[in-house]
Amino acid sequence: MSSNSNDEKIILEAKALEAWFGDFQAVKGINVHYFEKTINAIIGPSGCGKSTYLRCLNRIHEEIEGTKVMGEVLLEGKNIYDKSIDVVDVRKRIGMVFQKPNPFPTLSILENVVIGLRLQGINKRSTLLEIAESCLKKAALWEEVKDKLHSQGTSLSGGQQQRLCIARALAINPPVLLMDEPTSALDPIATAKIEELMNEIKRDYTVIIVTHNMQQAARISDYTSFFVYGKMVEHGLSSDIFTNPKEKQTEDYISGRFG
Amino acid sequence: MLKLKSKSQDALLFYILRLISILVIGLLLLIIYILFKSALPSIVRNGLSFILKSDWNPVEEQFGALPFIFGTLVTSVIALVLATPISIFIALFMCEYLPKSISRIVSLLVEMVAAIPSIVFGLWGIFYLAPFVKETLAPLLKNYFGYLPFFQGPSFGIGILTASLILAIMIVPTISSISRSIFELIPQHQKEAAYAMGSTKYEMVKLAIITPSISGISSAVVLGLGRALGETMAVTMLIGNSPSITKSIFAPAATMASVMANEYTDANTPMHIASLCYIALLLFIITFLSNLIAKTIVKKLSKT
Ligand SMILES: Nc1ncnc2c1ncn2[C@@H]1O[C@H](COP(=O)(O)OP(=O)(O)O)[C@@H](O)[C@H]1O
Ligand SMILES: [Mg+2]
């Protein structure tokens, strides 16, 4: 675990962020900022709005009918909810890995990785192959798939599919990567592999990861936020949150007396 | 004790299901047998060249089925070419662009079109579509594409084009409602995967909805084709029932179904009746083959 001094660059910031499903408010006034090239964990009891919050950060929340977002999310100082901003550009700069591995079933392993580049109009074969190799290596999947790049993405195991999705997200080189419980559907070995690769990708990316696994948060993250009922109860250095939480609720939760 | 009971229940269900499926298959075989028997005199006299002969003149006992096969295939293919893209657009529109509440109403309306009896389509075709084709559509097509042989010659309103249009309208609900239910099966997380990569809505639709649905869309199209091949009443009213093969889509023609509907009641020579049954048998085979071909296509597509 490394700690960062406060003079490091802020890359992403939420200001009074609120999110609704119809009349139901799932996220209630979140204010927080994230430093560049850190791993930030979000923990909290299930149903407390962690996923919804994360999905507001790349504007995926609005793809569900009847939802609403208020407040601001600043990416390098620019509000991604501003009317002048193209949502497509936002998502190219803030990548996402979902809870359930979701490779495109009709695409090969290789095509799954480079689809984001193709969407950006990059079609040169050598470039695509080069980026695919480097991203699959970063996602610790290269050795397992290098001989079958043209078989279906969905022919892989669950853990491999999730690493494929990580490679796919890395391929468009987003400065920020959101991960929503990426290991919750995986076995311990696959989980360990993904935790390992997070330490690698931290050198180039800022990661915000939702996890229901507190040990995981403690192991991999620099900062941790604790959510309850749509509110952020506490946010700080993981070393502080897990050893010396300021709030009683946080303490109860991490010592297992809550949720 | 308990186990035994559920086992015997399963066995009973199995026997009932087996009986029903045997009955259905038996019925099918019986229909084929009776058709074959009724067609036999014509099969014996005309042989397979029945398919290739193009003159049909019951008075002089000349029987060739080619004009009807031509009419059926041409009208069905034109109808499919027109209806498929429209149906896919409608299905996409209902799934992806309309809010759920409005989409439900639209889909209800589209399905109501499928419930309209064929004869009503026929009447509407005679009173509205045929004059429209004669006065507006045909002159327009002649104006822009008149150099092609398909768009030459006079239009009397009734003919291949009008019949194809009515067929297209009739199969749009079939193709679009099946396509819609296929699109609805696409999990939300697939769409979000596309969005999260920075897809525009159009790119998302292409990547996460159309591409994985190709085999499903193909089977929807085949069901539409099945309906178009066999459609009788509306086509009989609008195609002009002239057993001729022409290049122009404005010209009258006849389909396999329309000639049967038209001539069966006043067919009074045995050979005429047998020849109509021969056509019925051929229509049966064509529908069967088109289904078979489509199934193999679907199988191939869903494998890759
Ligand atoms: N599609 C939805 N429609 C309505 N309510 C939803 C939807 N998704 C989640 N919710 C509600 O929003 C709240 C937060 O959900 P979520 O963000 O998924 O929680 P978490 O990820 O912390 O488990 C929950 O109460 C949940 O029931
Ligand atoms: Mg969640």
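**Exercise 1. At roughly what angle do the axes of helix 3 and helix 5 of chain B cross, and within what distance do they come?**

Keep in mind as you work that this is a predicted model.

Step 1. Find helix 3 of chain B at residues 100-115 and helix 5 of chain B at residues 160-184. Their axes come within 8 Å and cross at roughly 135°.

Step 2. Name the arrangement. An angle over 145 degrees would count as roughly antiparallel, and 65 to 115 as roughly perpendicular; helix 3 and helix 5 of chain B are therefore oblique to each other.

Step 3. Add the handedness: helix 3 of chain B passes helix 5 of chain B in a left-handed crossing.

Step 4. List who touches whom. Helix 3 of chain B brings B:S107, B:V110, B:E111, B:V113 and B:A114, while helix 5 of chain B brings B:I169, B:P173, B:S176, B:S177 and B:R180. Sorted by class, this contact has five nonpolar, three polar and two charged residues.

**Exercise 2. Work out how helix 1 of chain A sits in the structure.**

Step 1. Look at residues 50-57 of chain A: seven of these eight residues are buried, so helix 1 is largely enclosed by the rest of the structure.

Step 2. Name the buried ones: A:K50, A:T52, A:Y53, A:L54, A:R55, A:C56 and A:L57.

Step 3. Move just past the helix, where A:R59 takes a positive phi of about 60°.

**Exercise 3. Describe the surroundings of A:C56.**

Step 1. Check its exposure: A:C56 has 0% relative accessibility, so it counts as buried.

Step 2. Look for a partner. A:C56 is in no disulfide, and the nearest cysteine sulfur, belonging to A:C48, is 13 Å away. Across all chains, the search finds zero disulfides.

Technical notes: Residues numbered from 1 in each chain as written. Chains lettered and ligands numbered in written order. Predicted model: local features only at pLDDT ≥ 70, side-chain atom pairs only at ≥ 80, totals over all residues. Heavy atoms only, no water. Axes fitted to C-alpha atoms, helices over the stretch in contact; angles between N-to-C directions. Helix = DSSP H or I, 4+ residues; strand = E, 2+ residues; numbered from the N terminus. Parallel < 35°, antiparallel > 145°, perpendicular 65-115°, else oblique. Left-handed = near helix turned anticlockwise from the far one by under 90°. Contact = heavy atoms within 4.5 Å. Nonpolar A, V, L, I, M, F, W, Y, C, P; charged D, E, K, R; others polar. Disulfide = S-S within 2.5 Å. Buried < 20%, exposed > 50% of the residue type's maximum accessible area, 1.4 Å probe, protein only.
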